[in-house]
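Me: I would like a close look at a single part of this model, followed by whatever in the rest of the structure helps to place it. Please take your time and keep the account connected.

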Amino acid sequence: MSTKPGADIQFTIDGTSVSVPAGTTIFDAARLNGIPIPTLCHQQNETPVGVCRVCVVDIGQRVYAASCIRQAEPGMNVKTCSEPVKAARHTLIELLMSDHPKPCARQQHSGDCELERLAAATGVEQPRFPKRTTPRGKDDSSAVISVDHEACILCDRCVRGCDDTRHNWVLARRGKGYQAGIAFDTNLPMAESSCVSCGECMVSCPTGALTNKRVVGTELGEGEVLDPAELLPLPIFQNVSGTFLELNQKAVVKRHYRAGEIICREGDFGSTAFYILEGKAEVFLASPMAHVQTDGTGRGFFRKLKSMLSPREEHRRSEESDRPFIPIDASVDLPYDRPIAELAPDDLFGEMTCMSYYPRSATVRAKTDCVMLEMLRNVLDILQRNKTFRAQLERNYRARALDSHLRSVPIFSSLTKDFIDHLRDRVELIRFSPGQVICRQGETADSFYLVRIGFVKVSEDRPGGELILAYLARGGYFGEIALLSGNPRTATCTALDHVEVVKITHPDFELMLERFPEVRAKLEAIAQERVQENRKRTSQLQTLPVDQFLANGLMEAQSLLVLDLDRCTRCDQCVRACADAHDGVSRLVREGLRFDKYLVATSCRQCRDPLCMVGCPVGSIRRRNSLEVIIEDWCIGCGLCATNCPYGNINLHPFPVELDDPTHPGRKIASTRVKATSCDLCHDHAEPSCVYACPHDAAHRVNPPEFFAGLLKQ
Amino acid sequence: MLIDHTHRKWFVASAGILAIAVAAYVPYSLGSPQGPKGGSALGLMYGSVGFAFMVFAGLLGLRKKFPVWRVGRAQIWMRGHLWLGFLSFPLILLHGGFHFGGQLTRVLMWLFIIVFTSGLLGAALQHFVPRLHTAQLPMETIYEQIDRVRGQLADEARRLVQECCAALEGEVSSATERQRAAAASAGANWDVTVASGMQVDEQASTELQRVLAAEIEPYLERPGSRGVRIGAPAASAAMFRQLRVLLPPTLHSNIDDLENVCEEKRQLDKQRNFHRVLHGWLLVHVPLSYALLLLGAWHAVMAVRF
């Protein structure tokens, strides 16, 4: 029977005569007339798909119809709650519940899992059907949304929310039968996908399959709490789900700072990022721009070592960085000569602290009266994935930071302004989540990368396992070896934490090398050095029983303080000598790993895999090309390197300094500042003090591969 | 300090000096009608060289006070101390013509004998004991940290026992027949009542706490093992064997850990003993050496003056 669209039709639902416009579904007709029909896959703002079949009704035909997609017809007699219909619905819910983790995350948090509530309402307690035996897994990669495939009922509400409502086209169905599930992009972990974390899927999900992640400390203690109605009009929150903001209230607050007020201090640990709404702020380093110099005092025989702070101009070390800029956790870098810069409205700072819990890299002070949004990780993660916000951040970066970022890398310091302008609109900012591979060994090279935020691990896949070649911090770069040689990638680069890289495509890279031959020369020299160093490491690995050495981290060491325990009388002269040589702060402990009759003392091993470098908020700890660890002038003494060193070989050394007296402007007060130190091999002397002072010929500084190879041959 | 082939040069040089000294002494001794005298030219030379060697040996202490001074590697100083100190004794004997002389020189010679003997003993100890130390103490720690480590071990033992007791109190009547049979056949020892009936776990918990309070804590909290039975490895092993019988197999790993804690404490005690042996002789050697040097200097001044 055909009916004109728009004309009313008459039919019966549960004995009640109803009249609705033609084209109305039975579900909507029932709802309009106050007759409830349970459903799971259907919600009002989405196109019905009829996949859950919970809304089945008896329309007097051979099979029951899904009311959400079946249009009402004139004269139809619909039964929504007859006993056979209720029995069919009961069986369907039982089937769904048999695979459902009870209670699911949503039911636990808010008690509103639609399936479990429906099961309770229909009297389904213990399903008669067996549970599935193969687990479907969880995806915890996103910082804000938890995905529990076990709780997914394949209703497709999230897929429609993502595609139809938000037009993000990230979510889809994957697999068939028992393998069916929801997938992000090409079945990637959520954090690695192109998901923008708008929260629509989570809001749409009827069960605990997609839930708001309750990260630790999701509420900020003080500040002006903004409700979603106040946040959504802000450009940076455009396209963010209001429900999501509702769920994360108190995770973002508005703060007012008076001119001169300190917003955050370098070295402090924190968990928030700041976005400037109004006003200007100064970002600077308060720590003295100097490194620890251990130098001889006195003359001749009685020369003694003394530690002091010396800036680059006073004491130049070999292979010391000549970077003109210091990388910090903000959109700008600080000039070495005068480490101070200005942050303006729409600038974001504290991203690394917020996402990876690194110490604050610099002190920020309000220059004028400021209004800022302080936010926790869950909110920052949504923003970083928000297209509008990303576009704004990229715009700011291209306009204000690309120049100094490129110039902060010594090899690019000669690039001209017009070429940087050329690059300005062509470079791409790409984010990677912890563990995500940026480029893989053996792949064809198509780009050159410059690290903007976070740490990148460079490793080589070897038959015996992964061999770490380097860690790169902000200002580090990779991908040049393959581009220069035209060969496949020689190493795999992986994001260690939340990483953002600047991608320069192959054609732009070629153009840069063509226009600036000196950049090509420098890059080629560095690529050559890196290749040679990798070869050296590989040859060392091939000549030694790797497992034994790798297990103890000894292969990673370049110089070990080894004590022959058969000679050592435990007199601790070595420790005393070290302390005497470094103002009473010993850089060695006579304890550690034993290998045969040798004790590998706790003293800097000059590791090839220097974990101490990972996380330095200002990138001041690095390796010289000779692979020794060097701590640059701008160390802020946060102590993260000391914490990260797996062997406890980095110490913090206090030095007296004069600081501005906050209570009496213009006056100075005596204070102390710490700088990180590690064994410097008493480089001012011919032999390290610990070895020199050992009366029993028990202490030796050795090259581990040679020393242990000799030992194993015996 | 290992006295090995690396000392060959020192040994040869010392032997050479000694041979020359003895070779010169024989005709000098035979040619002196009243016997060799310390005040003779050769006697004074023996005395001066011997005293110079003693002074050099004594300077090692000063060298150690300033370990970073670049005044020669400490091991050279140590070898010099060892061999020149050793040489100084026969030279002084030759200086005195093997006579102890008057009151002051007699005191000096006895002091020297004690210093020399304690030095020889120290050299022997420092030659042999480090190897024993290394072989017998795989869990060696820094000597100054021993008290702190002992405290940590006591805490660890308490935690392990607490874990066991918590498990036992929640496991009443869960003992298996096999467990009971094993416990019943073990007999009573250490005042431990063998497991029986349904209350085996409660009894075990009580017993474990008693063992902790009466045996383990006193042993771990104090240095040494005087008056504590588990200080002896055999007695300790027997006690832990008994505890294993008493407890369900699921808790045996805790008992293993507890036994390891006691073993570690045993090693700490041993380390303390080794350390005392390695360095205790210095309590005699060092002060007497300084006294010897002072009296020797006094003797030299007096002898030259009068």
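Which residue in strand 29 of chain A is the bridge partner of Leu450(A)?

Reply: In this predicted model, the bridge partner of Leu450(A) in strand 29 of chain A is Tyr477(A). The pair belongs to the ladder between strand 26 (residues 447-453) and strand 29 of chain A, which run in the antiparallel sense and are joined over two bridges. That ladder is part of an open sheet of four strands of chain A, ordered 24-31-26-29, in which the pairing is antiparallel. Strand 24 (428-432) and strand 29 (477-478) of chain A each have a single partner strand and stand at the edges, so one side of each is left without a neighbour in the sheet. As a general point, strands of a sheet pair through backbone hydrogen bonds, in either the parallel or the antiparallel sense.

The surroundings of this part can be followed through Leu472(A), which, leaving aside its neighbours within four places in sequence, is in contact with Val451(A), Phe455(A), Val456(A), Val458(A) and Phe478(A). Leu472(A) and Val456(A) are also among the residues that touch the most other members of the largest nonpolar core, a set of 220 residues, together with Val283(A), Met375(A), Leu563(A), Cys574(A) and Cys690(A). The element that gives the most to this core is helix 3 (residues 74-95) of chain B, with 11 residues. Apart from this core lies another, of 25 residues, among them Ala157(B), Leu168(B), Leu246(B) and Leu251(B).

The contact between the two chains involves 27 residues of chain A and 23 residues of chain B. On the side of chain A that touches chain B, two or more residues come from each of strand 17 (304-310), helix 17 (573-581), strand 33 (589-595) and helix 19 (689-692) of chain A, and helix 17 of chain A gives the most, with five residues. By class, that side of chain A has 11 nonpolar, five polar and 11 charged residues.

Chain B itself has 10 helices and zero strands, and buried residues make up 30% of its 306 residues. Among the contacts in chain B with a separation of 6 or more, 76% are accounted for by residues 24 or more positions apart. One helix pair can be described in detail: the axes of helix 4 (residues 103-136) and helix 9 (residues 252-280) of chain B come within 10 Å and cross at roughly 170 degrees, which means that helix 4 of chain B is roughly antiparallel to helix 9 of chain B. Leu125(B), Gln126(B), Val129(B), His133(B) and Gln136(B) in helix 4 of chain B meet Lys270(B), Phe274(B), Val277(B) and Leu278(B) in helix 9 of chain B, a contact that by class has five nonpolar, three polar and one charged residues.

Elsewhere in chain A, strand 7 (residues 145-148) offers another view of antiparallel pairing, since two bridges join strand 6 (residues 138-139) of chain A to strand 7 of chain A in that sense, with Lys138(A) standing opposite Asp148(A). Strand 6 and strand 7 of chain A form a hairpin with five residues between them. Strand 7 of chain A is also joined by three bridges to strand 10 (residues 210-212) of chain A, again antiparallel, and there Val147(A) stands opposite Leu210(A). From strand 7 of chain A, Ile145(A) and Val147(A) point one way while Ser146(A) and Asp148(A) point the other way, and all are buried.

Note on methods:
Residues are numbered from 1 along each chain as its sequence is written. Chains are lettered from A and ligands numbered from 1 in the order in which they are written. This is a predicted model: local features need pLDDT of at least 70, side-chain atom pairs count only at pLDDT 80 or more; totals for chains, interfaces and linings use all residues. Axes are lines fitted to C-alpha atoms, for helices over the stretch in contact, and angles run from 0 to 180 degrees between N-to-C directions. Angles under 35 degrees count as roughly parallel, over 145 as roughly antiparallel, 65 to 115 as roughly perpendicular and the rest as oblique. Two residues are in contact if their C-beta atoms, placed from the backbone, lie within 7 Å. Ala, Val, Leu, Ile, Met, Phe, Trp, Tyr, Cys and Pro count as nonpolar, Asp, Glu, Lys and Arg as charged, and the others, Gly among them, as polar. Two strands pair if DSSP finds at least two bridges between them. A nonpolar core is a set of buried Ala, Val, Leu, Ile, Met, Phe, Trp, Tyr and Cys residues joined through C-beta atoms within 7 Å. A residue is buried if 20 or more other C-beta atoms lie within 10 Å of its own, exposed if 12 or fewer, and partly exposed in between; C-beta atoms are placed from the backbone.
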